[in-house]
Amino acid sequence: LAQVNAAHGPPDDTPPYVLYFFCELPALGYRSFAVNAAPPLADGAAERGIVRNVGLMPGEAVNETIINDFFRLSFDHSSHLLTSVTLRQFPGGAREVGVEADLFAYDSYWNASKGAVSGSYVFRPLGPAARFRAPGGSAPRLQLVLGPHVNEVRQIYETANDVVVFRLYSSGSSVPDPSVGGFIEIDTAVGPLEGNKEVVLRFSTELDTRPETPLPGVVSEFFTDNNGQQTQRRRFNS
């Protein structure tokens with residue numbers, strides 16, 4: 001249960017490959033693992049992920065997708081952006097939810113003489129965000145890496161430094177713990193950036209997030225993961 005994918009990033013500081021493998025760790029403990037070179041077809045050797053670069057497809061081309069037992073992620077053939085997430089084990093049958101995810105960049109305050117500057121714990125944008133795009137406003141390039149245990153979509157923006165990766169893990173019969181595929185892993189890497197900028201990965205959905213019980217001034221209420229430890233309530237005011 002191992003897979004090797006070609007890595008993506010600046011060649012000067014990125015290793016050529018990434019190794020994924022399934023393991024079980026004891027609670028509050030650790031285990032050590034050794035990696036040995038082996039012929040590609042040897043028993044126990046890691047399988048290779050297949051890289052496929054996707055060009056911009058005009059007309060009514062079929063959207064690109066990756067899938068596991070829990071999710072199907074669809075990406076538009078022209079914008080190369082995420083367009084929907086299908087919950088395949090939703091009670092009562094699979095449910096497709098429209099979701100768009102895209103990088104945006106804010107210019108932010110940098111002069112301390114004019115007040116708190118934007119930083120790790122203070123967000124002070126100078127104005128609305130602009131979509132993060134390559135020169136000329138072109139869409140990000142799309143790269144799929146498909147394999148028996150890990151499938152991922154890479155959205156490559158201005159340079160090899162600027163990338164968003166959506167990754168699904170297999171939860172098939174060969175995996176001892178089927179819940180391993182029950183989440184969508186998202187990696188982002190951006191920079192270096194000129195000036196003082198704040199970059200965000202913005203999600204837009206068709207979900208109705210109005211609170212069930214009306215609250216004064218609150219127009220939206222939803223919940224997010226808080227560092228993998230608990231659920232955090234989020235409220236937007238009007």
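**Strands and rings**

Biologist: What joins β5 to β6, and through how many residues?

Modeller: A hairpin joins β5 to β6, and three residues make the connection. Strands here are DSSP runs of E with at least two residues, numbered from the N terminus.

Biologist: What kind of model is this?

Modeller: This is a predicted model, where local features need pLDDT of at least 70, side-chain atom pairs count only at pLDDT 80 or more, and totals for chains, interfaces and linings use all residues. Residues are numbered from 1 along each chain as its sequence is written, and side-chain values use heavy atoms, with hydrogens and water left out.

Biologist: In which sense do β5 and β6 pair?

Modeller: β5 and β6 (residues 71–75) pair in the antiparallel sense, over four bridges. Two strands count as paired if DSSP finds at least two bridges between them.

Biologist: Which residue in β6 is the bridge partner of glutamate 64?

Modeller: Phenylalanine 75 is the bridge partner of glutamate 64.

Biologist: Which side chains of β5 are buried?

Modeller: In β5 (residues 64–67), Glu64 and Ile66 point to one face and are buried, while Thr65 and Ile67 point to the other face and are not. Buried means under 20% relative accessible area, exposed means over 50%, and partly exposed is in between (1.4 Å probe, protein chains only).

Biologist: Why do they alternate?

Modeller: Because in a regular strand the side chains alternate between the two faces of the sheet.

Biologist: New topic. How many aromatic pairs does the structure hold?

Modeller: There are six aromatic pairs. One of them is tyrosine 106 with phenylalanine 123, an edge-to-face pair at 5.1 Å centre to centre with 85 degrees between the planes. Rings of Phe, Tyr and Trp (its six-membered ring) pair if their centres lie within 6.5 Å; planes under 30 degrees apart count as stacked, over 60 as edge-to-face and the rest as tilted.

Biologist: Where do tyrosine 106 and phenylalanine 123 lie?

Modeller: Tyrosine 106 lies in strand β8 (residues 95–107) and phenylalanine 123 in the loop between β8 and β9 (130–131), so the pair ties together parts 17 residues apart in sequence. Tyrosine 106 is buried at 15% relative accessible area, whereas phenylalanine 123 is partly exposed at 47%.

Biologist: And what about tyrosine 169 and phenylalanine 183?

Modeller: Their ring centres are 5.8 Å apart and their planes are at 40 degrees, so the pair is tilted. Ring pairs link Tyr20, Tyr169 and Phe183 into a cluster.

Biologist: Which residue lies over the face of tyrosine 109?

Modeller: Arginine 124 does, at 4.0 Å from the ring centre. A charge sits over a ring if NZ of Lys or CZ of Arg is within 6 Å of the ring centre and within 35 degrees of the ring normal.
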